[in-house]
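Subject: Structure handover

Hello,

Here is the structure I promised to pass on. Please open it first, then read the notes below.

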Amino acid sequence: MLAFLLSTLESNEDKEIFTKLYEQYRPLMERTATRILKEPSDIEDAVQNAFVQIIRHFDKIYEIPREELPFWIISIVKNEALSIIRKRQKTVSLENWDGYVIESENVLDYTELVNLFTKLPLSYRAVLEMKILHGYSDKEIAAHLGISETAVSTRASRGRTLLREIVRKEGFSI
């Protein structure tokens with residue numbers, strides 16, 4: 001697949017950058033797709049489709065700040081996974097959002113739930129996304145964001161509390 005995707009890029013610089021992105025983010029993309037999809041073939045499709053989308057919008061790679069790139073890539077794979085679900089008209093359940101389980105009745109509930117996460121202030125959302133979605137440790141998050149581990153812990157705690165409040169206000173059961 002990588003060879004095919006690389007053939008769609010024109011410059012050697014773009015090919016080199018894409019290869020680095022592919023090698024660095026593919027495992028993270030697979031983990032993200034696995035949280036949404038159950039079938040290995042669907043997971044593979046979501047990741048491949050996400051890479052196709054990245055190629056289609058490759059010019060944005062140069063515009064997106066480096067620290068925001070993982071979030072952009074993850075949002076693409078999430079959207080591709082949701083697209084696969086919508087096409088198959090399946091029910092999705094979301095498991096273990098940091099210690100509690102939320103069962104969604106359908107894809108719309110899942111999409112709404114993901115949108116709730118975006119209602120968090122950026123400082124809390126960034127920490128929670130890195131911690132919950134990407135599985136980074138507090139030390140890794142602190143280094144990545146340039147803040148102390150204590151600040152990471154505080155933001156994660158406050159973010160979880162705020163997320164729970166938002167989830168309750170929007171009518172989801174936790």
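One term first: a residue counts as buried when its relative accessible area is under 20%, and as exposed when that area is over 50%. In between, the residue is called partly exposed. Please keep in mind that this is a predicted model.

**Helix H3**

With that term in hand, look at helix H3, residues 40-56. Its buried residues are Asp42, Ile43, Ala46, Val47, Ala50, Phe51, Gln53, Ile54 and Ile55. The helix has 17 residues. From first C-alpha to last, H3 reaches 24 Å, close to the 24 Å expected at 1.5 Å a residue.

Ala50 is a good residue to click on in H3. Its relative accessible area is 0%, so Ala50 is buried. What does Ala50 touch, once neighbours within four places in sequence are left aside? The contacts are Met29, Ile76, Val77 and Glu80. Ile73 is also worth a look: its C-alpha lies 7.8 Å from that of Ala50, with the two positions 23 residues apart in sequence.

**The whole chain**

Now step back. The protein chain has 8 helices and 0 strands. Read along the sequence, the pattern is α-α-α-α-α-α-α-α. Of the 174 residues in the protein chain, 41% are buried. The chain exposes about 9,900 Å², and carbon and sulfur atoms supply 48% of that area. Take the contacts with a separation of 6 or more: 62% of them join residues 24 or more positions apart.

**The cores**

The largest nonpolar core has 30 residues. Those with the most contacts inside this core are Phe18, Met29, Leu37, Ile54, Leu69, Trp72 and Ile73. Which elements give two or more residues to this core? They are helix H2 (12-36), H3 and helix H4 (69-88). H4 supplies the largest share, 10 residues. Another core lies apart from this one. That core has 14 residues, including Leu116, Leu128, Ala142 and Ala156.

H4 also holds Asn79. At 47% relative accessibility, Asn79 counts as partly exposed. Asn79 and Asn49 are 30 residues apart in sequence, yet their C-alpha atoms are 9.7 Å apart in space.

**Aromatic pairs**

How many aromatic pairs does a search of the whole structure find? It finds 5. One of them joins Phe18 and Phe51. This pair is edge-to-face, with 5.7 Å centre to centre and 75° between the planes. Phe18 lies in helix H2 and Phe51 in helix H3, so the pair ties together parts that are 33 residues apart in sequence. Both Phe18 and Phe51 are buried.

Phe58 and Tyr62 form an aromatic pair too, again edge-to-face. Here the centres are 6.1 Å apart and the planes are at 90°. Are these two residues buried or exposed? Phe58 counts as buried, at 4% relative accessibility. Tyr62 has a relative accessible area of 43%, so Tyr62 is partly exposed. Ring pairs link Phe18, Tyr22, Phe51, Phe58 and Tyr62 into a cluster.

**Helix H8**

Last, go to helix H8, residues 149-169. Its 21 residues should span 30 Å at 1.5 Å a residue. The end C-alpha atoms are 30 Å apart, which agrees. The buried residues of H8 are Val152, Ala156, Gly159, Leu163, Ile166 and Val167. Where do these residues sit around the axis? They cover an arc of only 95°, so they lie on the same side of H8. The face turned away from that buried side carries the exposed residues Thr150, Arg158, Arg168 and Lys169. Ala156, one of the buried residues of H8, is also among the residues of the core of 14.

Best wishes

Notes:
Residues numbered from 1 in each chain as written. Predicted model: local features only at pLDDT ≥ 70, side-chain atom pairs only at ≥ 80, totals over all residues. Heavy atoms only, no water. Helix = DSSP H or I, 4+ residues; strand = E, 2+ residues; numbered from the N terminus. Expected span 1.5 Å × (residues − 1). Buried < 20%, exposed > 50% of the residue type's maximum accessible area, 1.4 Å probe, protein only. Core = buried A, V, L, I, M, F, W, Y, C linked by side-chain atoms within 4.5 Å. Phe/Tyr/Trp six-rings, centres within 6.5 Å; stacked < 30°, edge-to-face > 60°. Arc of directions from axis to C-beta. Contact = heavy atoms within 4.5 Å. Areas by Shrake-Rupley, 256 points an atom, 1.4 Å probe, with all protein chains shown as cover.
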